[in-house]
Every structure is written in structure tokens, then in C-alpha cells.
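Please look through the sequence and the structure shown here before reading on. The paragraphs below lead from a strand and its partners to a single residue and then to pairs of charged side chains.

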Amino acid sequence: SIYEMFGNECCFSTGEILQVIGFKINKLIASICEDHEVSQFATKVELPLNFPGLYKVVADKTPYVSIEDITSKVSLGPTRLGHPCFSSPEAIKLATLTIKAGEQITFNSLEEVNGRMAVNCEVVRKNKAHSFTLPLSQEGKFYECEDDQIYTLKEIAEWKIPKSRKRIVKLASPLQTWDSSNPLPEDFAGCLLLTPVYEVQAVMQFRKDIVHLLSDLDIEVKDITDCYDISSFLQPLSLEDVFERTSKEFPMVAEIMEGPSGSPKPSNLLHKGREIVIYRKYQATRVLASEIRSDSPKRHFLIPSSYRGKFKRRPREFPTAYDLEIARSAKEELHVVATKAFDAFHEELSSVSVGDQFLVQQCQTSKVVRVGRKQLIDALACEQILSGTYKKVLLPMYMEGGFMEVIHDKKQYQLSEICKDFHLPFNVKVSVRDLSVEEDVLAAVPSLQLEEEITDSYLLVSSASRPLESWEIPVYRLDMLVHLLHKDVQTLAPPVTKTRVEEISEEQYYMLRRYENQTLHPPPRPPKKPT
């Protein structure tokens, strides 16, 4: 039989043997819905997984009837994406604690407990996590909890669409760009009902291709797994699969079965059929930076520590006095000018006019009189710069003003110096471009905010035939499939490593920020102004 798949004809003969290596969502059929309800006349559009935008997941109102029902349909994994949350309308009594009715339960992982499969769970009470297990046999009604995070369509397809169910999502913010090829209406900001279309991934005997079969393909197959030697099939590995190998297995030689598409590649040699040497796996530090501009979209970058350009400081903006307290450092005095007026509610505290200049000192408690009674509040001690003199003042921490930093420092800094001597985020511009690369993409950006240092996973690879230089491949941002070759590596030491500034999409930017901060507690909120 001859089938057309992805614009290509593919022929399967009777008796052809395929090894199924996985299945995944290939695309999504989206129905535009009103108030989370779908009309039979609703417009349906086809969305690829790389369709732009960030989305919020609408909690499914249909309950699950047991823990096994949840684990058979919902994806669990090592990252926060694989930690779904549920609640039970009835209390659950366990040996060590009682789960209250309506309390949010986080499902973390599956494990065997006393010969039975169970789910590792936790509840958070007063900022303290309490861990416990629930057996798969536990019955009851379990409802999905509301999720305030934002996701890409690809993340939703991989983690947030339960098997045999559909998913309603809401666009978190309007799409930044729109043209006539966009299947959604212009200025669309509503909800979509997503119906997944699956594909089966398979390899054919003695062939290096990966066959993608849509799940609705009219073809009859028979399971012969128990009576067939699978050693004649290639074993495709994703970059994540390679990264999970032990360090002793490196270096290794691999052939690319499916090369990366879409975003810029670390090297032009990463194409199907190329042989590469994978020398080692490791974690590397990057500085996450964003272009400073009032309009959108902003560009986002990952800057390696090996970047050789130099930076000059740019002034920072601070919306509140509380932000001044966070930004001040022992290395230098923070000098700011007010960009917004503010009237203090207490005589003991200072009002601010546009153009007032201050040297920020420290946070301290201050006695104020409120409704005839004295009370202590937090205030920011500063020196106001007057003509030829200084005046000690106290600014309320709840002050919603506006301040612009005054820069006196004309020094040029290496990236490592900034990370060592200053608190991030930090505003800069490139003053001397990196001369070790042909094109320094950062040099064309008027100003940058260095936001935070992150740790990311990489593989170090080079061409097997011409190992003149090696590149760092990001494990979780590059879609590639390889199979390992039983060949000896000619040189165990990698050639000169070529690192580069990586420009990432808005979706990848939010993914990185979320993964990096998933174990951190949010910063304390600034004090509220008195009512």
C-alpha cells in the first residue's frame, strides 16, 4: 500500500516489520469556545506544536475516580511540569496525617511501596511541605486544581493533555505578531478547546529512517514482539536519552537520524546522516539577558561565561522604595533621582517631588503616630542631596513612587566581574564587542538587562570526520534524534570548544525562568500603605 505522509509517499508491503519506538502528539485541533463551552458550530483550526503564544490551562471539571485513574492518564515527571495537583471533596485519613477536604495535593512520582505501586505526594501547610504516599487503589473523586502558570503549546501537548481527554486553554496575552497565515482571528484573546492528533513513531528493519504514522492511518498490524529479535533495528535516542547515560559511556560516536529544525543551530553540520562525536555531558552557567525597550517584542539571550565583550553600566529604574532596599549594596552608594511625586501619610516621613535626589543608606524602623497611637513601621533611610548640603530623610517602604539610578561609574566590565561584584538584575550596554566571533549579536542591542545566572544542560560534540572544533548543544532546547555507532573515538580530548551567545524565543525564555526558579520561594511583598 502507498500512503502520503507529510507530503511524501511512503510504501508498506504486506509482511513489512516495524518497531514502534513511541507515540506523541503531532498537532492540535483547536476549537474556539465561549465561556469554556464549545458550540457545535465553533470554528476549528489546526495548530502545530510550535505555534507561538503562552497559555493558561483551564482546570478540568470532570473528576478522576481513583489514583490509578490519574496515573494512567496524566503525565508525571521529574520537573514541575510533571507535578500535577488535585484535590478531594472529602477528607482522606492516612496513618501519619489527614488530608483535608479541598486541600491541594501535589503528585510527584510513582514508586513501589511494600510490593504495591503508589504515588509520592505532598501538601504544603504554613510554607512547610508534608510528604506521604497514596496507593493506586485509593478511590474517591479527585478534581484537577487551578493552575496559575503559563505554558507553550508544546509543553501543554507533552504534559498537560491527559490521555482520552481534551484540554481547554486560555491565551495568557495577545499574540505579539499576526498575519493572514495565522489561523486564529486577529486580536484573539479567548479560550481554545484542544483535541490532540497523535502520531506513532517507528523504525523499519535495516533502515535509518524514522517513520511517522498518523494514528488515523488505515493500516492493519500484528504484535510480534515476543517472537522477534529486535537487534536488527536501530535504537533512536533523543538528546535527553543521551544525557541520561553514565559519564563512563562518553565519548561516543553517533549518527544523526533527525536533525534540529526551526531555531538557529549551534553548527551547520547538525544534519541528518552526519556522524558526530559526543565527548561529554555537563551543566554550564549562562547569564539570561533581555533587551530593554518599552515596546514589544523584546529579544532574549543566553550569554556564556566565555563571552569576551565588555559592558558599561546603564541606569536602572525602581518603582518603589522597597526596590531600592533590595538593590542597594555595600560596594557603592546607590544614587537615584525621583521621577514621580509622592505625599507621605505621616509627619515623621518625607514626601518626594519629581527631581529630588537621594543617596540610599539602609532600612530601619521608625516610630510614627497613627490615629493618636504610636506604632513602628519600616522606612528607608536616605540622604537627600540639596544644593551644597545633605538632609537625612526617611522614605516609607510602601512608597509607590518612581526612581532612576544616577550612574557615576564609567568603568568597562567583563561579564564575570558584573556577576561577582553586583546584584542581578543589572542594566548594561556593550561598549567593546566580542572580537573572537564574526558577529556579536549583543553589540547591536542598545541596552540589556542581565537578569539572572542559570544552570543548563549541554552535550559537547564535534564532527566525526573533521574534528576541528566542538560545540555545546543545549539538551532541552534542541530536538534531535541520533543512534549510537560502535566506532572507536579517534581523539578522546575534544578540540577547541566554540561557545556562542544564544538568542532564544519568548516561549523558551519563560520556560527557563520557570525551571530556574521552581525551587525558590517568591520574594516578600513590599509593605502595604496604611488605610
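What follows is a short walk through selected parts of the model.

This is a predicted model, in which local features need pLDDT of at least 70 and side-chain atom pairs count only at pLDDT 80 or more, while totals for chains, interfaces and linings use all residues. Residues are numbered from 1 along each chain as its sequence is written, and side-chain values use heavy atoms, with hydrogens and water left out.

A good place to begin is strand β15, which covers residues 191-204; strands here are DSSP runs of E with at least two residues, and helices are runs of H or I with at least four, both numbered from the N terminus. Because 11 of its 14 residues are buried, β15 is largely enclosed by the rest of the structure, where buried means under 20% relative accessible area, exposed means over 50%, and partly exposed lies in between, using a 1.4 Å probe and protein chains only. Two strands count as paired if DSSP finds at least two bridges between them. Strand β3 (residues 18-33) pairs with β15 in the antiparallel sense over 14 bridges, and Ser 31 has Leu 193 of β15 as its bridge partner. Strand β14 (residues 167-171) also runs antiparallel to β15, joined by 4 bridges, whereas 5 bridges join β15 to the antiparallel strand β16 (residues 210-214).

Further along the chain, Ser 470 sits in strand β30 (residues 469-474) and counts as buried because its relative accessibility is 0%. Its side chain makes a polar contact, at 3.1 Å, with the side chain of Thr 497; such a contact is a pair of N or O atoms within 3.5 Å, where within protein one must be able to donate a hydrogen and the other to accept it, and residues adjacent in sequence count only if both atoms are side-chain atoms.

Charged pairs come next. A salt bridge is a side-chain nitrogen of Lys or Arg within 4 Å of a carboxyl oxygen of Asp or Glu, and the count by this rule comes to 21. Glu 332 forms one with Arg 313, with the closest N and O atoms 2.7 Å apart. Glu 332 lies in the loop between α4 (321-327) and β23 (334-340) and Arg 313 in strand β21 (residues 310-313), so the pair ties together parts that are 19 residues apart in sequence. Another salt bridge joins the side chains of Arg 316 and Glu 405 (2.9 Å, N to O), and this pair links distant parts of the chain, 89 residues apart. Salt bridges that share partners join Arg 313, Arg 316, Glu 332, Glu 405 and Asp 409 into one network.
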